[in-house]
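Let's take a walk through this structure together, from a loop residue to the helices and then to the empty spaces inside. Keep the 3D view open and turn it as you read.

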Amino acid sequence: MLKNLWEKIDEKKAKIAIIGAGYVGLPLAIAFIDEGFRVFIIDINKDKISKILAGESYIEDVAPEQLKDAVEKGLLTPTTDYCVLKDADVAIITVPTPVTRYREPNLSYIKEAANGIAQHLHSPMLVSLESTTYPGTTEELLLPLFQSKGLEVGKDFFLVFSPERINPGDKEHPLKKITKIVGGITSNCTEIGCHLYEQIIEQVVPVSNARTAEMVKLFENAYRYINIAFANEMAIVCRKLGIDIWEVIEGAKTKPFGFQVFYPGPGVGGHCIPVDPHYLRWRLREVGHNELLLEIADTINMGMPHYIVDLAADILNEAGKPLNDSKILILGVTYKKDISDIRESPALRLIEQLMEKKAIVYYHDPYKPELAPTDFPSSKNSNISLKSIPLNEETLRQMDLVILATDHSCFNYQWIADNCQLILDTKNAFKNVNNSDAKIIKL
Ligand SMILES: NC(=O)c1ccc[n+]([C@@H]2O[C@H](COP(=O)([O-])OP(=O)(O)OC[C@H]3O[C@@H](n4cnc5c(N)ncnc54)[C@H](O)[C@@H]3O)[C@@H](O)[C@H]2O)c1
């Protein structure tokens with residue numbers, strides 16, 4: 001069975017089914033298609049399926065022409081129907097793994113996807129879970145479900161965890177250049193899993209088992225979360241000491257070893273960095289370990305929007321204005337630059353908290369024309385609904401304060417600074433601005 005599937009993959013005859021057509025799933029589908037594979041992409045969101053069929057891309061890293069071409073040539077079949085799995089040799093799960101409102105793992109999407117696969121599991125079939133999750137998920141959740149279908153793992157079907165590590169919008173690190181980690185339930189599973197990913201990725205690294213692969217991903221993202229918290233705390237400390245944190249970081253960066261750069265900001269956003277540590281914390285609590293470092297990091301990072309609001313109040317106060325009734329423009333609301341993803345974006349918390357203090361808040365973001373009440377973290381109690389306002393001289397001049405929350409590359413920082421009075425720059429994005437009329441205060 002292993003040999004059959006191996007050869008099918010070698011000859012690019014293996015049919016790949018990807019479950020979840022999002023930031024991870026859609027670029028992955030294109031990567032397999034580019035290497036000559038046929039791909040089914042399954043999503044419960046009918047709107048996304050219709051868009052793919054129409055060649056409309058909703059992910060920055062996938063060009064509409066790529067989708068159109070793939071659909072027209074019959075290489076990409078978008079569908080909401082799990083029945084296509086009957087014809088698939090490989091199923092890759094790329095569904096969301098958010099946290100509940102109590103910040104605990106929400107595995108409902110993985111469970112739904114796994115149930116869908118279980119109904120069509122056949123021999124030989126390779127299943128890879130790519131969604132980020134706590135160590136043990138593949139072995140404890142997926143394996144028993146698949147085994148209950150009477151098939152033997154490592155012989156009839158193969159099961160691996162292979163964390164997705166893409167960085168949406170990052171042109172320097174395309175998918176094929178990001179080393180892939182693969183950990184299988186058995187050694188056969190790991191081998192065939194590596195063989196699959198070697199078709200699309202330059203370097204594939206096997207690890208001992210699925211748990212280790214799951215932990216690799218959480219370790220990476222927890223490391224990032226903790227180091228960002230350190231940068232954030234140092235930004236607060238440096239302000240108190242009258243030192244420019246950005247200059248300190250530039251200095252520290254010159255060390256050729258033992259230092260990796262992380263930057264402060266208005267908080268931490270995205271579907272991964274602020275979310276994944278909670279998967280780890282939940283698992284650690286289960287084994288009776290009190291994870292102090294992650295808890296402190298969370299307190300610092302989640303407190304950053306509040307810190308920025310306090311800073312805004314101080315800056316306005318200096319200018320003789322109260323926060324109440326001041327016109328504030330938030331520049332950039334997505335969780336990072338040059339993409340449209342607003343999940344967990346700290347800018348949203350910033351807007352909410354400024355509004356709570358009765359500031360009049362506007363925003364401008366070319367990547368996000370509208371913000372609906374459900375986009376906001378406390379959407380249950382909120383009726384905030386905003387439209388991105390045009391960025392022109394008149395708008396800028398009317399603002400009491402401009403807060404740069406997301407440093408999109410398309411912003412003309414010199415022009416912005418030339419046309420407003422007061423700027424709070426949480427990203428050091430205005431560093432190259434010269435002789436502007438605006439007073440620029442950096443985080
Ligand atoms: N976005 C990133 O930068 C990134 C990077 C690395 C890893 N990850 C991880 O990858 C996983 C997916 O993240 P994403 O950003 O692509 O999420 P996403 O929300 O962009 O995409 C997930 C898709 O899955 C679909 N879906 C949900 N339940 C489904 C089901 N039962 N059957 C079929 N489709 C279903 C959703 O409709 C959605 O289109 C998460 O675990 C995330 O932590 C994300």
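Start in the loop between strand E14 (422-425) and strand E15 (439-442), where you'll find Asn-435. Bear in mind as you look that this is a predicted model. Asn-435 isn't a glycine, yet its phi is positive, about 45°. Is Asn-435 buried or exposed? With a relative accessible area of 78%, Asn-435 counts as exposed, because the cut-off for that class is over 50%.

A couple of other backbone spots deserve a look while we're at it. Asp-338 sits in the loop between strand E9 (327-331) and H12, and its phi is near 65°, again a positive value in a residue other than glycine. Then there's Lys-358, which follows H12 and has a positive phi near 70°. For something of another kind, go to the loop between helix H5 (108-118) and strand E5 (125-129), where Pro-124 is found. The peptide bond leading from Ser-123 into Pro-124 is cis, with omega near -5°.

Now to H12 itself, helix 346-356. How many of the eleven residues of H12 are buried? Nine of them are, so H12 is largely enclosed by the rest of the structure. The buried set is Pro-346, Ala-347, Leu-348, Arg-349, Leu-350, Ile-351, Glu-352, Gln-353 and Leu-354. You'll spot charged side chains in there too, Arg-349 and Glu-352 being among the buried residues. What do these buried residues pack against? Their partners are helix H11 together with strands E9, E10 (360-364), E11 (370-371), E12 (386-387) and E13 (401-404).

H12 also leads us to some empty space. Rolling a probe the size of a water molecule over the atoms shows where such space is left. Here the count comes to two cavities of 30 Å³ or more. The largest holds about 40 Å³ of space, and its lining is made up of Gly-267, Val-268, Asn-301, Met-302, Pro-305, Glu-344, Pro-346 and Arg-349. Two elements, helix H11 (292-318) and helix H12, each give two or more residues to that lining. H11 gives the most, with three residues. Notice that Pro-346 and Arg-349 in the lining also turned up among the buried residues of H12. By class, the lining of the largest cavity has four nonpolar, two polar and two charged residues.

The second largest cavity also has a volume of about 40 Å³. Around it you'll find Pro-163, Glu-164, Arg-165, Leu-175, Ile-178, Thr-179, Lys-180 and Ile-201. That makes four nonpolar residues, one polar and three charged.

Leu-175 is a handy signpost from here, since it lines that cavity and is also one of the residues nearest the centre of the second largest pocket. The others nearest the centre of this pocket are Pro-27, Asp-61, Pro-174 and Lys-176, out of a lining of 19 residues. The volume of the pocket is about 410 Å³. Which element supplies the largest share of its lining? That would be helix H2 (residues 25-34), with four residues. Nine of the lining residues are nonpolar, four polar and six charged.

Next, move to Gln-199, in the loop between helix H7 (187-198) and strand E8 (204-207). Gln-199 is buried, with a relative accessible area of 13%. Setting aside residues up to four places away in sequence, Gln-199 touches Ile-9, Asp-10, Lys-12, Glu-35 and Phe-37.

Let's finish with a pair of helices. Two packed helices are described by the angle between their axes and the distance between the axes. The axes of helix H6 (residues 137-147) and helix H8 (residues 210-241) come within 8 Å and cross at roughly 125°. H6 and H8 are therefore oblique to each other. Where they meet, H6 brings Thr-137, Thr-138, Glu-139 and Glu-140, while H8 brings Ala-210, Arg-211 and Glu-214. This contact comprises one nonpolar, two polar and four charged residues.

Past H8, in the loop before helix H9 (245-253), comes Ile-243. Ile-243 is partly exposed, at 42% relative accessible area. Leaving out neighbours within four places in sequence, Ile-243 is in contact with Cys-238 and Val-248.

Technical notes:
Residues numbered from 1 in each chain as written. Predicted model: local features only at pLDDT ≥ 70, side-chain atom pairs only at ≥ 80, totals over all residues. Heavy atoms only, no water. 1 Å grid on protein atoms, 1.4 Å probe; cavity = no way out; pocket = protein on both sides within 12 Å on 5 of 7 lines; lining within 4 Å. Points joined across faces, edges and corners; volume = space filled by probe spheres on them. Nonpolar A, V, L, I, M, F, W, Y, C, P; charged D, E, K, R; others polar. Buried < 20%, exposed > 50% of the residue type's maximum accessible area, 1.4 Å probe, protein only. Contact = heavy atoms within 4.5 Å. Axes fitted to C-alpha atoms, helices over the stretch in contact; angles between N-to-C directions. Parallel < 35°, antiparallel > 145°, perpendicular 65-115°, else oblique.
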